[in-house]
Amino acid sequence: ASDTAPTDTVQGGPVNIIMIGMAGSGKTTLMQRINAHLHERKQSPYVVNLDPAVSKLPFQANIDIRDTVDYKQVMSEYNLGPNGGILTSLNLFTTKLDQVMQIIEKRAASTKYFLYDTPGQIEIFTWSASGAIISNTLAATYPTVVVYVVDTPRTASPATFMSNMMYACSILYKTQLPFLLAFNKTDVVSHEFAVNWMSDFEAFQQALSRQEECFMNSLMQSMSLVLDEFYSHLRVCGVSAMTGQGMDHFFEQIQDAVREYHEEF
Ligand code: GTP
């Protein structure tokens with residue numbers, strides 16, 4: 001598709017895109033890039049910010065958790081630390097999810113993409129009851145795709161790559177939703193090495209064997225066998241939230257994930 005072609009990729013109504021990723025992987029910057037990409041193509045998305053602790057958003061959120069809960073006030077009121085404050089804020093927001101869904105359903109006739117940015121501390125969304133309630137509710141309403149954002153330059157060593165993929169794998173099995181692995185920051189390091197490691201088991205084994213010999217290597221070799229199965233259920237793309245490269249492929253992969261949703265749900 002050309003850069004100016006409309007991103008009219010998804011058939012059959014609105015799509016929820018939930019951005020998940022380690023702190024600093026570039027979720028917020030990628031949200032901003034997707035937002036700008038869709039605006040350029042006259043497909044303005046509806047944006048929901050679920051991170052109560054973000055100080056400044058580089059895009060306009062249509063629904064912002066910070067309008068409902070003040071996480072610093074929650075911290076002092078319930079005598080909590082920062083993570084407890086963020087988690088409790090998400091819980092409080094989730095008690096009003098029915099109202100949020102009413103707004104979203106009203107917008108669904110005119111909006112194709114609903115984007116959800118999640119808290120920087122990944123486990124607050126992925127391992128909490130409210131995170132599960134939010135993703136299950138979204139998935140029960142419209143096709144929902146989880147985008148797992150990876151910091152490509154910081155995942156280029158076999159050990160870090162393995163850990164990140166294990167984490168992604170655990171989220172896939174926890175959410176049970178169509179999943180897209182978005183290797184971000186490809187302007188710094190291409191994600192080619194990752195595609196190679198994921199498609200060629202021996203290439204990854206070789207990369208592992210180049211590392212210093214230690215007990216972890218045999219553990220990692222066993223784990224990489226497990227991951228081989230995970231990779232076969234996965235969609236992958238490389239993007240740069242900074243430059244915008246890879247956005248067309250990103251939306252092709254979203255379309256593919258939506259097809260899976262229609263087949264399975
Ligand atoms: P949290 O809010 O902690 O969850 O971080 P986040 O995942 O939302 O990451 P954020 O978007 O704040 O980006 C983290 C850093 O990575 C920032 O300095 C960004 O400028 C940088 N960054 C994000 N995407 C890219 C990219 O595609 N290329 C490069 N070079 N830098 C990027």
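Let's start at the ligand: sorted by class, its shell holds 4 nonpolar, 9 polar and 3 charged residues. Keep in mind that what you're looking at is a predicted model. In that model, 16 residues surround the ligand. If you want to find the spot quickly, pick out Gly26, Thr28, Thr29, Gly120 and Met242, which are the closest. Which element gives the most to this shell? That's helix H1, with 3 residues.

H1 is also a good way into the sheet. Here 7 strands form an open sheet, and reading across you get the order E3-E2-E4-E1-E5-E6-E7. The pairing is parallel. At the edges stand strand E3 (63–64) and strand E7 (235–238). Each of these has a single partner strand, so one side of each is left without a neighbour in the sheet.

Now zoom in on one pair within that order. Strand E1, residues 15–21, and strand E5, residues 144–151, run parallel and are joined by 6 bridges. To see one of them, click on Ile20: its bridge partner in E5 is Tyr148.

Next, the helices that sit against the strands. H1 covers residues 27–40 and packs on the sheet, where it touches E1, strand E2 (46–49), strand E4 (113–117), E5 and strand E6 (179–184). Its direction makes about 165° with that of E4. Helix H8, residues 158–175, packs on the sheet too, touching E1, E5 and E6. The direction of H8 makes about 170° with that of E5.

Finally, have a look at a helix-on-helix contact. Helix H4 (residues 82–94) and helix H7 (residues 129–141) pack with their axes 9 Å apart, at an angle of about 40°. Roughly perpendicular would take 65 to 115 degrees, and roughly parallel would need under 35; H4 and H7 are therefore oblique to each other. The crossing of H4 past H7 is left-handed.

Which residues meet there? From H4 come Leu90, Asn91 and Thr94, and from H7 come Ser130, Gly131, Ile133 and Ile134. By class, this contact of H4 with H7 splits into 3 nonpolar and 4 polar residues, with no charged ones. Set that beside the ligand shell, where 3 charged residues do turn up.

Terms used
Residues are numbered from 1 along each chain as its sequence is written. This is a predicted model: local features need pLDDT of at least 70, side-chain atom pairs count only at pLDDT 80 or more; totals for chains, interfaces and linings use all residues. Two strands pair if DSSP finds at least two bridges between them. Helices (H or I, at least four residues) and strands (E, at least two) are DSSP runs, numbered from the N terminus. Two residues are in contact if their C-beta atoms, placed from the backbone, lie within 7 Å. Axes are lines fitted to C-alpha atoms, for helices over the stretch in contact, and angles run from 0 to 180 degrees between N-to-C directions. A residue is near a molecule or strand if its C-beta atom, placed from the backbone, lies within 6 Å of it. Ala, Val, Leu, Ile, Met, Phe, Trp, Tyr, Cys and Pro count as nonpolar, Asp, Glu, Lys and Arg as charged, and the others, Gly among them, as polar. Angles under 35 degrees count as roughly parallel, over 145 as roughly antiparallel, 65 to 115 as roughly perpendicular and the rest as oblique. A crossing is left-handed if the near helix is turned anticlockwise from the far one by less than a right angle, and right-handed if clockwise.
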